[in-house]
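Got your viewer open and a selection box ready? Let's take a walk through this fold, one stop at a time.

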Amino acid sequence: MDTLRVLVVDDELGIRHSVSRALRDFTVVVPDVDVEVGFAVDSAASGEEALEKIDEQAPDVLLLDHQMGGMTGIEVIEQIAARELSILTVMITAFATISTAVRATKSGAFDFVPKPFTPAELKETVRKAAAHLMTQRRARQMAEEKRRVRFEFIRVLGHELKAPLGAVESYLTIIKNRTLGNELDAYDQMIDRCLIRTEGMGKLILDLLDMTRIESGQKVREVREINVLTLARSAVENVAPVAADRGIEVILHCEEDVLMLGDEGEIQIVLNNLVSNAVKYNRDGGRVDVRLNCDTEIVDIAVSDTGFGLSSEDRSRLFNDFVRIKSENTRDIAGSGLGLSIVKKISDLYEGSCSVTSELGVGSTFSVSLNRGVSLENPNNGSRGDK
């Protein structure tokens, strides 16, 4: 439970005691941010004493009398504003006028409690103040988290682009300066490496675009009845040339159509990532098995390989953004580190799940479960996110 500090400022001892008693065991549940709040109450008998306590430790909520001997409540608010302190202030007054209310509001007052007030009236005002304060705090936390994530994203993206750009620049400089002589054949290997690097950067850009479309929610999803078997065959055909060059056998285990409601492009991304990774991280002469299964509610996709396998530590972070497993076997394999992260985000759209089982030196199996959606007889009902 969170605790908010409350400072009661009133020259009437009875008011200070009444507020302290009312709030002593009072708690507020703020459902919007899923938090329960209690209150620690302190008091001051004048505006001057209040400012001294505020300078020592600023409260979260200030219950402030308007008319007191010495400084008025308005003058206290103006002093707080001059100190640039963020304190939620509730005015307590028996002399509320329009001009007073306008001046107090302009100076930063959140609400008013008229004298005399009941404990229930006080608690309701404090409840609103606490809800406002905790909602503001959560909004600031979310904004800060957003800034942190954005900074980390840009940092990682810059790192991912810096190395291939530097390599391409170095190769092009060698070619420009004719460091290896004037025979073009001498530069073929460097040109091939430049093409591989630029292909990797192009894949990174495409993956970034896919991820941005998914996370922003701005992509128009064309949710309709699709055949996952047809998309799986396409994914297998896409990797066939590379697999054949390396002697890798790719086998699709499914004889019957697998129908579901979904966006064809999203499911194709899932299958392309899983199948291409199974070939990319496999051994020459290895094998890839693609299995499709379904029941009345779920479509299961499982892609197994006979590749290098993963440690338990690598498996635990594999579906995060920009994660690329670096080992002696994989360090020269190009990739964006976003493919499996995108697979995870898409599975979430279908209320599904992603998992991996793996053994070092033996191979891995990546599994994705997707909700088939609503009844296929009525495909227009419940198409999530297609507008």
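Two strands count as paired if DSSP finds at least two bridges between them. Strands (E, at least two residues) and helices (H or I, at least four) are DSSP runs, numbered from the N terminus. As a bit of background, strands of a sheet pair through backbone hydrogen bonds, either parallel or antiparallel.

Before we start: what you see is a predicted model, where local features need pLDDT of at least 70 and side-chain atom pairs count only at pLDDT 80 or more, while totals for chains, interfaces and linings use all residues. Residues are numbered from 1 along each chain as its sequence is written, and side-chain values use heavy atoms, with hydrogens and water left out.

**Stop 1: β12 and β13**

Select 353-359, which is β12, and then 363-371, which is β13. Seven bridges join these two strands, and β12 and β13 run antiparallel. For one matching pair, click Cys354: standing opposite is Val368 in β13.

Now zoom out to the whole sheet. It is an open one with five strands, ordered β8-β10-β11-β13-β12, and its pairing is mixed. Which strands are at the edges? They are β8 (249-253) and β12, each pairing on one side only. From one strand to the next, the twist averages 10°. (Angles run from 0 to 180 degrees between N-to-C directions, and axes are lines fitted to C-alpha atoms, for helices over the stretch in contact.)

Add 264-280 to your selection. This is helix α8, which packs on the sheet and touches β8, β10 (287-294), β11 (298-305) and β13. Here contact means heavy atoms within 4.5 Å. The direction of α8 makes about 20° with that of β11.

**Stop 2: Val368**

Go back to Val368. Is it buried or exposed? Val368 has a relative accessible area of 2%, so it is buried. (Buried means under 20% relative accessible area, exposed over 50%, and partly exposed in between, using a 1.4 Å probe and protein chains only.) Show its surroundings: leaving out residues up to four places away in sequence, Val368 touches a group including Val270, Leu274, Ile301 and Val343. Try the distance tool too: the C-alpha atoms of Val368 and Leu271 are separated by 9.5 Å, although the two residues are 97 apart along the chain.

**Stop 3: the cores**

Next, select Val228, Ile267 and Ile301. In the largest nonpolar core, which has 44 residues, these three touch the most other members. Such a core is a set of buried Ala, Val, Leu, Ile, Met, Phe, Trp, Tyr and Cys residues joined through side-chain atoms within 4.5 Å. Among the elements giving two or more residues to this core are α6 (188-216), α7 (228-245) and α10 (339-349). Setting aside neighbours within four places in sequence, Ile301 is in contact with residues including Val228, Leu271, Phe366 and Val368. Apart from this core lies another, of 28 residues, among them Val6, Val35, Leu63 and Ala130.

**Stop 4: Asp263**

Jump to strand β9 (residues 259-263), where you'll find Asp263. Asp263 has 4% relative accessibility, so it counts as buried. What does its side chain reach at 2.9 Å? One target is the backbone nitrogen of Glu222, and the backbone nitrogen of Gly265 is also reached at 2.9 Å. (A polar contact is a pair of N or O atoms within 3.5 Å; within protein, one must be able to donate a hydrogen and the other to accept it, and residues adjacent in sequence count only if both atoms are side-chain atoms.)

**Stop 5: the other sheet**

Now look at the open sheet of six strands, in the order β2-β3-β1-β4-β5-β6, with mixed pairing. Its edge strands are β2 (28-30) and β6 (109-114). Select 2-9 and 35-44: these are β1 and β3, parallel strands joined by eight bridges. Val6 stands opposite Val41 in β3. On to β4: four bridges join it to β1, again parallel, and Val8 has Leu63 as its bridge partner there.

**Last stop: two rings**

Finish with Phe26 and Phe39, an aromatic pair that is stacked, at 5.7 Å centre to centre and 10° between the planes. (Rings of Phe, Tyr and Trp, taking the six-membered ring of Trp, pair if their centres lie within 6.5 Å; planes under 30 degrees apart count as stacked, over 60 as edge-to-face and the rest as tilted.) Phe26 is in the loop between α1 and β2, and Phe39 is in strand β3, 13 residues apart. Both Phe26 and Phe39 are buried.
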